[in-house]
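Hi,

Here is the structure I promised to pass on. Have a look, and my notes follow below.

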Amino acid sequence: MTSLNTLIGNVELKNPVLLASGTCGVAGREFTPYFHLSELGGIVSKSLGIKPWVGNPTPRVVEVPGCGLLNSIGLQNPGVEHFVNNELPFLKEQKATFIVNVVGESLDEYIQVVDYLKNYSGFSAIELNLSCPNVDGGLDFSQDPKKAFNVVSKIKKISKVPVWAKLSPNITDITEIAKACVDAGIDGLVLINTVLGLAINKWTKKPTLPRAVGGYSGSAIKPIALRMIWQTYKKFPKVPIIGIGGIHNTDDALEFLLCGASCIQVGTANFANPKASIEIIAGLKDYCEKNKLSSISEIIGQAHEIDSKTLVGSKV
Ligand SMILES: Cc1cc2nc3c(=O)[nH]c(=O)nc-3n(C[C@H](O)[C@H](O)[C@H](O)COP(=O)(O)O)c2cc1C
C-alpha cells in the first residue's frame, strides 16, 4: 500500500499537491464542480490583506502562447474578515486542508492580518506572500534579507500555526533571503512566485499591462524554479520546501520532488485544466505503485544523492 502523505514540518498533508495562491479564486470554491476539495493535499487562499484590495486597472493578463501567462492582478482580494466569514466555514464543511496566504503593504499590515487570524481555526499554516511583483514595494520583503528576517520573526511570535514564506525569483541569490527566513525560524519555504516580465502591444505601441511590468508564470519558469529549489535544498536540506512554478503534470511534479520539494503547488495550469492537480495526484500514486515505493517521501531530494555520487570527483 503506497502512501502519498507528506510532512511540511508538523503539517501533515494527505498528498503533496496543493492549489497555488491566486489561481483558485479566493479559496478554491470554483473547483468544486471538478472534484471534492478534500481530495487535495491542500488549497492556498488568494493573498489576503487586512482590508479589501481593488487590484490594478485592466488589462491584467497577457497570454504568452505555449509558454505561460503574464499577470498584473495587483492582489485584488476581499480582505481577511470577508474570508473568515464567508470562505472559512465552507472550507471546514468541505474538510479541506487549507493554508492562508497573507499580504500587507507594510510590516504592520502583515502583523494585523496574522493577529486577526489568531482568533480562528480551520487552517493548517500561514503562507506569507513576500514576493508580489504587481504592487509598489511588493518585492521589498523578499529582496532585502533584513526585511525578510524582520517580518518572519515578528509573525512567528504571534502566529498559532506554522509559517511559510513565499519568495521571489527576482533576486540574484535566493539562498540569502532563504537564510534570513531560516534564521527567523520559518517552517517552510515556498519557491517561487512569478518572474518579472513585460509585453508590448504593437497597435498602441505601449506596454500591454498598465503598470508595464507584470509577473510571468507557467511552463517557461519551471527551470528557474527548479534551479532555486536545488540551490536552497543544498544549503538548507532540513527546511521543507514547497515547490511551485510551471507544474502542469505528474512528470513536472516528480522533477520538483526529486529536486528537494516536499510538496508542490499547481498554479497557471489550473486555468487551462482545472483537473490538473487531481490528475497529478493520480499520476503520483501510479508512479509509486509501479516503482514499488511505500511512500512518495522516499524520492524527496533524491536528485541530490545522484549528484553527489556521480558528479563529485567525476572526470566528466
Ligand atoms: C493570475 C495569477 C494570480 C496570482 N496571485 C497570487 C497571489 O495572490 N498571491 C501569491 O502568493 N501568488 C500569486 N500568484 C503566483 C502563483 O501562486 C505562483 O507562485 C506562480 O504563478 C508560479 O507558479 P505557476 O507557474 O505554476 O503558475 C498568482 C499567479 C497568477 C498567474
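How far does a polar side-chain atom of Lys46 lie from an oxygen atom of the ligand? The distance is 2.8 Å, which fits the cut-off for a polar contact (a pair of N or O atoms within 3.5 Å). Asn101 also points a polar side-chain atom at a ligand oxygen, at 3.0 Å. With Ile192 the backbone supplies the polar atom, 3.1 Å from an oxygen of the ligand. On its own the ligand exposes 620 Å², and the protein buries 96% of that (Shrake-Rupley areas, 1.4 Å probe).

Before going on, two notes on the source: this is a predicted model, with local features needing pLDDT of at least 70 and side-chain atom pairs pLDDT 80 or more, while totals for chains, interfaces and linings use all residues. Residues are numbered from 1 along each chain as its sequence is written, and side-chain values use heavy atoms, without hydrogens and water.

Around the ligand there are 24 residues (a heavy atom within 4 Å), and those that come nearest are Ser21, Lys166, Gly218, Gly246 and Thr268. The shell splits into 7 nonpolar, 15 polar and 2 charged residues, with Gly counted as polar.

Away from the ligand notes, there are 4 aromatic pairs (ring centres within 6.5 Å). In one, Phe31 and Phe35 have ring centres 6.1 Å apart and planes at 50 degrees, so the pair is tilted (neither under 30 degrees, stacked, nor over 60, edge-to-face). Both Phe31 and Phe35 are buried (under 20% relative accessible area, 1.4 Å probe, protein chains only).

Cheers

Note on methods:
Polar contact = N/O pair within 3.5 Å; in protein donor to acceptor, adjacent residues only side chain to side chain. Phe/Tyr/Trp six-rings, centres within 6.5 Å; stacked < 30°, edge-to-face > 60°. Buried < 20%, exposed > 50% of the residue type's maximum accessible area, 1.4 Å probe, protein only.
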